[in-house]
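Dear colleague,

I am handing over a structure that may be new to you, and I would be glad if you could look through it before reading the notes that follow.

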Amino acid sequence: MPEAAGPATPVAIVAGRGELPRRIAERRTRNGLPVHLVIFPDCFEDWMIEYPHGRYEFERLGRVFREIRAAGVTHVVFAGGMNRPRIR
């Protein structure tokens, strides 16, 4: 029986810095569960390109919601550190 890793539908991981977003993505993938990383400026790390992802700007959240909905995402998790953005 697979380890508990959340719903079987795609989960968007709003990926900040640190190990937590990577560990969530790894656990879900290991259990055959889909992920979609949401990457904001200053949070990109090399490991992220191994997963389905999109790079977004804080000022354009509508694009984030449209794209993750189109990817079939039903749940969102925020993981890792982020600095508060400067909104223009």
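**How the helices lie on the sheet**

Helix 1, made up of residues 20-30, lies across strand 1, strand 2 and strand 4, and its direction is at about 160° to strand 1. Please keep in mind throughout that this is a predicted model. Helix 2 lies across strand 1, strand 2, strand 3 and strand 4, and runs at about 170° to strand 2.

**The sheet itself**

The strands that these helices lie across belong to an open sheet, in which 4 strands follow the order 3-2-1-4 with parallel pairing. Because strand 3 (53-55) and strand 4 stand at the edges and have a single partner strand each, one side of each is left without a neighbour in the sheet. From one strand to the next, the twist averages 20°. As general background, strands of a sheet pair through backbone hydrogen bonds, and the pairing may be either parallel or antiparallel.

Strand 1 and strand 2 (residues 35-39) run parallel and are joined by 5 bridges. Which residues of strand 2 meet those of strand 1? Valine 11 stands opposite valine 35, alanine 12 has histidine 36 as its bridge partner, and alanine 15 stands opposite isoleucine 39.

Both of these strands are also mostly covered. In strand 1, 5 of 5 residues are buried, and the same count, 5 of 5, holds for strand 2. In a regular strand, side chains alternate between the two faces of the sheet. In strand 1, Val11, Ile13 and Ala15 point one way while Ala12 and Val14 point the other way, and all of them are buried. Strand 2 is likewise covered on both faces, with Val35, Leu37 and Ile39 buried on one side and His36 and Val38 buried on the other.

**The largest pocket**

Val14 of strand 1 and Val38 of strand 2 come up again when one turns to the largest pocket, since they are listed together with Phe40, Leu61 and Phe78 as the residues that lie nearest its centre, out of a lining of 14 residues. The volume of this pocket is about 210 Å³. Where does its lining come from? Strand 1 (11-15), helix 2 (61-70) and strand 4 (75-79) each supply at least two residues, and helix 2 gives the most, with 4 residues. By class, the lining of the largest pocket consists of 13 nonpolar residues and 1 polar residue, with no charged residues.

**Some single residues**

Four positions outside the pocket description may help you to find your way around the model.

Proline 10 is placed in the segment before strand 1. Is proline 10 buried or exposed? Its relative accessibility is 19%, and because buried means under 20%, proline 10 counts as buried. Leaving aside neighbours within four places in sequence, proline 10 is in contact with Pro34, Ala71, Gly72, Val73, Thr74 and His75. By contrast with these contacts, the C-alpha atoms of proline 10 and glutamate 59, which are 49 residues apart along the chain, are separated by 24 Å.

Glycine 72, one of the residues that proline 10 touches, lies in the loop between helix 2 and strand 4. With a relative accessible area of 32%, glycine 72 is partly exposed. Its C-alpha atom and that of proline 34, 38 residues apart along the chain, are separated by 9.7 Å.

Threonine 29 has its place in helix 1 and is partly exposed, with a relative accessible area of 41%. Not counting residues up to four places away in sequence, threonine 29 touches Val35 and Tyr51. The C-alpha atoms of threonine 29 and tyrosine 51, which are 22 residues apart along the chain, are separated by 9.0 Å.

Finally, aspartate 42 lies in the loop between strand 2 and strand 3. Its relative accessibility is 72%, so aspartate 42 counts as exposed. Aspartate 42 also has a positive phi of about 70°, although it is not a glycine.

With kind regards

Notes: Residues numbered from 1 in each chain as written. Predicted model: local features only at pLDDT ≥ 70, side-chain atom pairs only at ≥ 80, totals over all residues. Heavy atoms only, no water. 1 Å grid on protein atoms, 1.4 Å probe; cavity = no way out; pocket = protein on both sides within 12 Å on 5 of 7 lines; lining within 4 Å. Points joined across faces, edges and corners; volume = space filled by probe spheres on them. Nonpolar A, V, L, I, M, F, W, Y, C, P; charged D, E, K, R; others polar. Pairing = 2+ DSSP bridges. Axes fitted to C-alpha atoms, helices over the stretch in contact; angles between N-to-C directions. Contact = heavy atoms within 4.5 Å. Buried < 20%, exposed > 50% of the residue type's maximum accessible area, 1.4 Å probe, protein only.
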